[in-house]
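Dear colleague,

Please find below the structure I promised to pass on, followed by an account of what was found in it.

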Amino acid sequence: MRRAPAVAALFAALATLASTTPAEAQDVAGTWELSWETPRGAQTVTFVFAQDGMNVTGTAQMRMGEVAIKNGMLHGDQLTFSLELGMGDRTMTQTFAATVTGDTLEGKITTPRGENPFKGARKIT
């Protein structure tokens, strides 16, 4: 008799999991403007993304020039990628993680100095 409540709870949990739908796959190909705050003020960078299934490649137009996007992946509406920035003989990696909703995205940048929120929008031409 003690099993009945546990079995009922298990079925309820399974029913809830079955009724949740995964996030709809997004298309990030194109030109985007991403903005975030830095200790030196607001920064806006133009990104050009190309997408092949879940793989995302492209470039970022940084102050120091064009930087290739690395490790780009899109799982449903979750976009992740990194930039490796050269500073003389040193490098710094910025890792981006965002939720994509149509022509906008919002997420966080992780660097050795901490995390910053960012927002972005697709440039419609």
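Two residues are said here to be in contact when they have heavy atoms within 4.5 Å of each other. In this model, which is a predicted one, Thr110 is by that criterion in contact with Thr93, Gln94, Thr95 and Glu115, once its neighbours within four places in sequence are left aside. Thr110 has its place in strand β7, and the C-alpha atoms of Thr110 and Thr95 are 5.1 Å apart in space although the two residues are 15 apart in sequence. With a relative accessibility of 31%, Thr110 counts as partly exposed, since that class lies between the limit of under 20% for buried residues and that of over 50% for exposed ones.

Thr111, also found in strand β7, has a relative accessibility of 18% and therefore counts as buried. Its contacts, with residues up to four places away in sequence not counted, are Met92, Thr93 and Gln94.

Overall fold

The protein holds one helix and eight strands, and from the N terminus on the order of these elements is α-β-β-β-β-β-β-β-β. Of its 125 residues, 28% count as buried. If one takes the contacts between residues at least 6 apart in sequence, 26% of them join residues that are at least 24 apart.

One link across the sequence involves Arg122, which is found in strand β8: the C-alpha atoms of Arg122 and Leu34 are separated by 8.8 Å, while the residues themselves are 88 apart along the chain. Arg122 is buried, with a relative accessible area of 17%, and, leaving aside its neighbours within four places in sequence, Arg122 is in contact with Asp27, Val28, Ala29, Thr31, Trp32, Gly102 and Asp103.

The pocket

The largest pocket has a volume of about 580 Å³. Nineteen residues line this pocket, and those lying nearest its centre are Thr38, Gln43, Met92, Gln94 and Arg113. The elements that contribute two or more residues to the lining are β1 (30-38), β5 (78-87), β6 (90-101), β7 (104-111) and β8 (114-122). As to chemical character, the lining residues divide into eight nonpolar, six polar and five charged.

Gln94, one of the residues nearest the centre of the pocket, lies in strand β6 and is buried, with a relative accessible area of 8%. Not counting residues up to four places away in sequence, Gln94 touches Met62, Phe81, Ser82, Leu83, Leu85, Ile109, Thr110 and Thr111, so that list takes in both of the threonines described at the start, given that contact means heavy atoms within 4.5 Å.

The nonpolar core

In soluble globular proteins, nonpolar side chains tend to be buried together. Here the largest nonpolar core has 24 residues, of which Leu34, Phe47, Phe49, Leu79, Leu83 and Phe96 touch the most other members. At least two residues of this core are supplied by each of β1, β2 (41-52), β3 (55-62), β4 (65-75), β5, β6 and β7. For Leu79, with residues up to four places away in sequence not counted, the contacts are Val28, Phe49, Val56, Met73, Leu74, Phe96, Ala97, Ala98, Val100 and Leu105.

The aromatic rings

The structure holds eight aromatic pairs. One of them is the stacked pair of Phe81 and Phe96, with 4.6 Å from centre to centre and 10° between the planes. Because Phe81 lies in strand β5 and Phe96 in strand β6, this pair ties together parts that are 15 residues apart in sequence. Phe81 and Phe96 are both buried.

Phe96 also pairs with Phe118, in this case edge-to-face, with 5.4 Å from centre to centre and 70° between the planes. This second pair links distant parts of the chain, with Phe96 in strand β6 and Phe118 in strand β8, 22 residues apart, and both of these residues are buried. Which residues form one aromatic cluster? The members are Trp32, Trp36, Phe47, Phe49, Phe81, Phe96 and Phe118, and among them Phe47, Phe49 and Phe96 are also named above for touching the most other members of the nonpolar core.

With best regards

Methods: Residues are numbered from 1 along each chain as its sequence is written. This is a predicted model: local features need pLDDT of at least 70, side-chain atom pairs count only at pLDDT 80 or more; totals for chains, interfaces and linings use all residues. Side-chain values use heavy atoms; hydrogens and water are left out. On a 1 Å grid over the protein atoms alone, a cavity is a set of points where a 1.4 Å probe fits but cannot get out, and a pocket is an open set with protein on both sides within 12 Å along at least five of seven lines; lining residues have an atom within 4 Å of a point. Grid points are joined across faces, edges and corners, and a volume is the space filled by probe spheres set on the points. Helices (H or I, at least four residues) and strands (E, at least two) are DSSP runs, numbered from the N terminus. Ala, Val, Leu, Ile, Met, Phe, Trp, Tyr, Cys and Pro count as nonpolar, Asp, Glu, Lys and Arg as charged, and the others, Gly among them, as polar. A nonpolar core is a set of buried Ala, Val, Leu, Ile, Met, Phe, Trp, Tyr and Cys residues joined through side-chain atoms within 4.5 Å. Buried means under 20% relative accessible area, exposed over 50%, partly exposed in between (1.4 Å probe, protein chains only). Rings of Phe, Tyr and Trp (its six-membered ring) pair if their centres lie within 6.5 Å; planes under 30 degrees apart count as stacked, over 60 as edge-to-face and the rest as tilted.
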